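This briefing goes with the sequence and coordinates shown below. Please read the points with the structure open.

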Amino acid sequence: MADGPRLWAVVGATGTGKSDLSLDLAEQLRSRGEPAEIVNADAMQLYRGMDIGTAKLPVDERRGVPHHMLDVLAVTEDAAVASYQPKARTIIDGLLNAGSHAILVGGSGLYVSSVIYDFRFPPRDAALRADLEARLAAEGVGALYDELRAADPATAERVDPRNGRRVVRALEVALLGDAGHGAALPDEPTLWRETSIVGLAMERAALVERLDVRVERMWADGILAETEALRRAGIEEGRTASRAIGYAQALAQLAGEKSEAEAIAETQALTRRYARRQVSWFRRYAQTRWLDAETARARDITG
């Protein structure tokens, strides 16, 4: 391993212990006299006030390790990977230039990829986007998805046909003549800079059990009260934050549309599905050193 500060990435499905391992890694590096700081790559942890449902580490549990890109958005704002990428890279460049390791941590695959790989974002057209959003409201997501499938079948295969926001964006890109945009990694992605990528893996049954318990704990810890506060802060005005797994279900419970049991069960099912997608995404990272999530230690990484 090369001497001097470097970029690390700790990846894996939700619930595999990425936060704890990143803190262990930072502490081990610092014990050797090498400064290290953490950069968040979880899209929902960008939001202020979304703590319980995102498993965001409280300040007093961060072991004195500086964290970046947490609590940088209001819930009324849209999280966008195209704006996240340059901000995260600027922070990482600053840390490395100052002689500190940078540890990128998160389970949002596109956000991680946008930082560590040479990742190009497709063009935007505000007028076209507004027209497509108006059509989404008038015609429904199905009509736009059918158009996307006709214009760019490969991208349509990668986009959730129920996610209106994603379908609109994919169709915007296709209509601008830039098919195959960024919904997936290139077949052979190139690293932005030298990066040590560590992945945490867990046997499926054990992960499912852990995730189900984690969701139950979210409700026990007060996600409903947290969501009520976020509702007063305008979360329902935000297209991204209001759809976050857990918060969307808590909002439905507050509105009387779901019972608590229904909200918890739906959150568990969606979390399991999300974890499967994360595993599939990160498994494509050819440079990754995979570790058992239940036994991984920082010394396994640094030697």
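The points below cover a sheet, one of its strands, a helix pair and one arginine.

The model is predicted. Its six-stranded open sheet has parallel pairing. Helix H2 and helix H3 pack at an angle of about 50 degrees, and arginine 129 is buried.

**Sheet**
- The strand order in the open sheet is E3-E2-E4-E1-E5-E6.
- Strand E3 (67-68) and strand E6 (289-292) are the edge strands, each of them pairing on one side only.
- Strands of a sheet pair through backbone hydrogen bonds, in either a parallel or an antiparallel sense.

**Strand E4 and its two neighbours**
- In the strand order, E4 stands between E2 and E1.
- Four bridges link strand E1 (residues 7-12) with strand E4 (residues 101-105), and this pairing is parallel.
- Alanine 9 has leucine 104 of E4 as its bridge partner, while valine 10 has valine 105 of E4.
- Strand E2 (residues 36-40) is joined to E4 by five bridges, and these two strands also run parallel.
- Asparagine 40 lies opposite valine 105 of E4. Valine 105 is thus named in two pairs, with valine 10 and with asparagine 40.

**Burial of E4**
- Five of the five residues of E4 are buried, and the strand is mostly covered.
- His101, Ile103 and Val105 point one way from the strand, and Ala102 and Leu104 point the other way.
- Residues on both of these sides are buried.

**Helix pair H2 and H3**
- Two packed helices are described by the angle between their axes and by the distance between those axes.
- For helix H2 (residues 81-97) and helix H3 (residues 109-116), the angle is about 50 degrees and the axes are 9 Å apart.
- Because of that angle, H2 is oblique to H3.
- The crossing of H2 past H3 is right-handed.
- On the H2 side, Val81, Tyr84, Gln85, Ala88, Arg89 and Ile92 make the contact. On the H3 side, Leu110, Tyr111, Ser114 and Val115 do so.
- By class, this contact of H2 with H3 has seven nonpolar, two polar and one charged residues.

**Arginine 129**
- Arginine 129 is located in helix H4 (residues 126-139).
- Arginine 129 has a relative accessible area of 15%, and a residue counts as buried under 20%, so arginine 129 is classed as buried.
- Leaving out residues up to four places away in sequence, arginine 129 touches Arg124, Val168, Arg169 and Glu172.

Notes. Residues are numbered from 1 along each chain as its sequence is written. This is a predicted model: local features need pLDDT of at least 70, side-chain atom pairs count only at pLDDT 80 or more; totals for chains, interfaces and linings use all residues. Side-chain values use heavy atoms; hydrogens and water are left out. Axes are lines fitted to C-alpha atoms, for helices over the stretch in contact, and angles run from 0 to 180 degrees between N-to-C directions. Angles under 35 degrees count as roughly parallel, over 145 as roughly antiparallel, 65 to 115 as roughly perpendicular and the rest as oblique. A crossing is left-handed if the near helix is turned anticlockwise from the far one by less than a right angle, and right-handed if clockwise. Contact means heavy atoms within 4.5 Å. Ala, Val, Leu, Ile, Met, Phe, Trp, Tyr, Cys and Pro count as nonpolar, Asp, Glu, Lys and Arg as charged, and the others, Gly among them, as polar. Two strands pair if DSSP finds at least two bridges between them. Buried means under 20% relative accessible area, exposed over 50%, partly exposed in between (1.4 Å probe, protein chains only).
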